[in-house]
Amino acid sequence: MRRAAALLGLFLLLCTAACSLRRQVSLPSPYCRGGGALVGVYRPQRLQVKSRCRVAVGTVRKVVFEAYDGDVHLDLRPVPGYEKLLADGNERVGGNLVVEIIPQDRSRVAVPQEGARVEVVGPWVEDTKHGWNEIHPAWWVSTGEIEPASATELRRVQLLLQGVEGAAEQDDA
């Protein structure tokens, strides 16, 4: 009987200790989003999520508005300490980290100017098709101008997300 009481007491003590040791999880940025990391991304199956939310800091080397899927493609040269976000494949894009702003987010995520030093927040992914790492989609960019996607771009990406082949060509016709 004493042994059972002692075991029960020890069990309760361990349960109390385990509950008080709950790990506090802090996100790397207040701009991290809940829900699916790749919501709204065209062909998300090509991206392997390495970290659901990551911060990257660097200098914007190039800004390209992609006609096909409406993404804004940034080449970001990471500052020291952020080079660990790169993979060997990033050498094919000048040793830069690829950052993509999807059309659905362009009304709230700033598009920076080339040469700007920025902080970006979003899922850190490996693009398995190209073999490089990206922040895709970018949920926040620290500086730049809001440049909302046009109705045509939004319609095109909606068709692409629905799996309508030739969506870009249909809109151009």
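A salt bridge is a side-chain nitrogen of Lys or Arg within 4 Å of a carboxyl oxygen of Asp or Glu. In this predicted model, Arg33, Asp105 and Arg108 are linked in a network of such bridges. Within that network, the closest N and O atoms of Arg108 and Asp105 are 2.9 Å apart. The two partners sit in unlike surroundings. Arg108 has a relative accessible area of 53%, so it counts as exposed, the cut-off for that class being over 50%. Asp105 has a relative accessibility of 3% and therefore counts as buried, since that class covers values under 20%.

The chain as a whole gives the setting for these contacts. It has three helices and six strands, and from the N terminus the order of elements is α-β-β-β-β-β-β-α-α. Of its 173 residues, 41% are buried.

A search of the whole structure finds four salt bridges. One of them joins Arg46 to Asp127, with 3.2 Å between the closest N and O atoms. This pair links distant parts of the chain: Arg46 is in the loop between H1 and E1, Asp127 is in strand E4 (residues 117-127), and 81 residues separate them. Both Arg46 and Asp127 are buried.

Another salt bridge pairs Arg106 with Glu153, whose closest N and O atoms are 3.3 Å apart. Here too distant parts of the chain are linked, with Arg106 in the loop between strand E3 (97-101) and E4, and Glu153 in helix H2 (residues 151-161), 47 residues apart. Arg106 and Glu153 are buried as well.

Asp75 is a contrasting case. It lies in strand E2 (residues 72-78) and is buried, yet it has no salt bridge. The nearest side chain of opposite charge is that of Lys62, 4.8 Å away, which means the pair falls outside the 4 Å limit for a salt bridge. The side chain of Asp75 does make a polar contact with the side chain of His73, at 2.9 Å.

The loop between helix H1 (2-20) and strand E1 (47-65) also holds Pro44. Pro44 counts as partly exposed because its relative accessibility is 30%. The C-alpha atoms of Pro44 and Leu161 are 9.7 Å apart, although their positions lie 117 residues apart along the chain.

Arg46 appears again in the largest pocket, which has a volume of about 260 Å³. The pocket is lined by 14 residues, and Tyr42, Arg46, Asp69, Lys129 and His130 lie nearest its centre. By class, its lining has nine charged, three nonpolar and two polar residues.

Definitions and conventions
Residues are numbered from 1 along each chain as its sequence is written. This is a predicted model: local features need pLDDT of at least 70, side-chain atom pairs count only at pLDDT 80 or more; totals for chains, interfaces and linings use all residues. Side-chain values use heavy atoms; hydrogens and water are left out. On a 1 Å grid over the protein atoms alone, a cavity is a set of points where a 1.4 Å probe fits but cannot get out, and a pocket is an open set with protein on both sides within 12 Å along at least five of seven lines; lining residues have an atom within 4 Å of a point. Grid points are joined across faces, edges and corners, and a volume is the space filled by probe spheres set on the points. Ala, Val, Leu, Ile, Met, Phe, Trp, Tyr, Cys and Pro count as nonpolar, Asp, Glu, Lys and Arg as charged, and the others, Gly among them, as polar. Helices (H or I, at least four residues) and strands (E, at least two) are DSSP runs, numbered from the N terminus. Buried means under 20% relative accessible area, exposed over 50%, partly exposed in between (1.4 Å probe, protein chains only). Lys and Arg count as positive and Asp and Glu as negative; His and the chain ends are not counted. A polar contact is a pair of N or O atoms within 3.5 Å; within protein, one must be able to donate a hydrogen and the other to accept it, and residues adjacent in sequence count only if both atoms are side-chain atoms.
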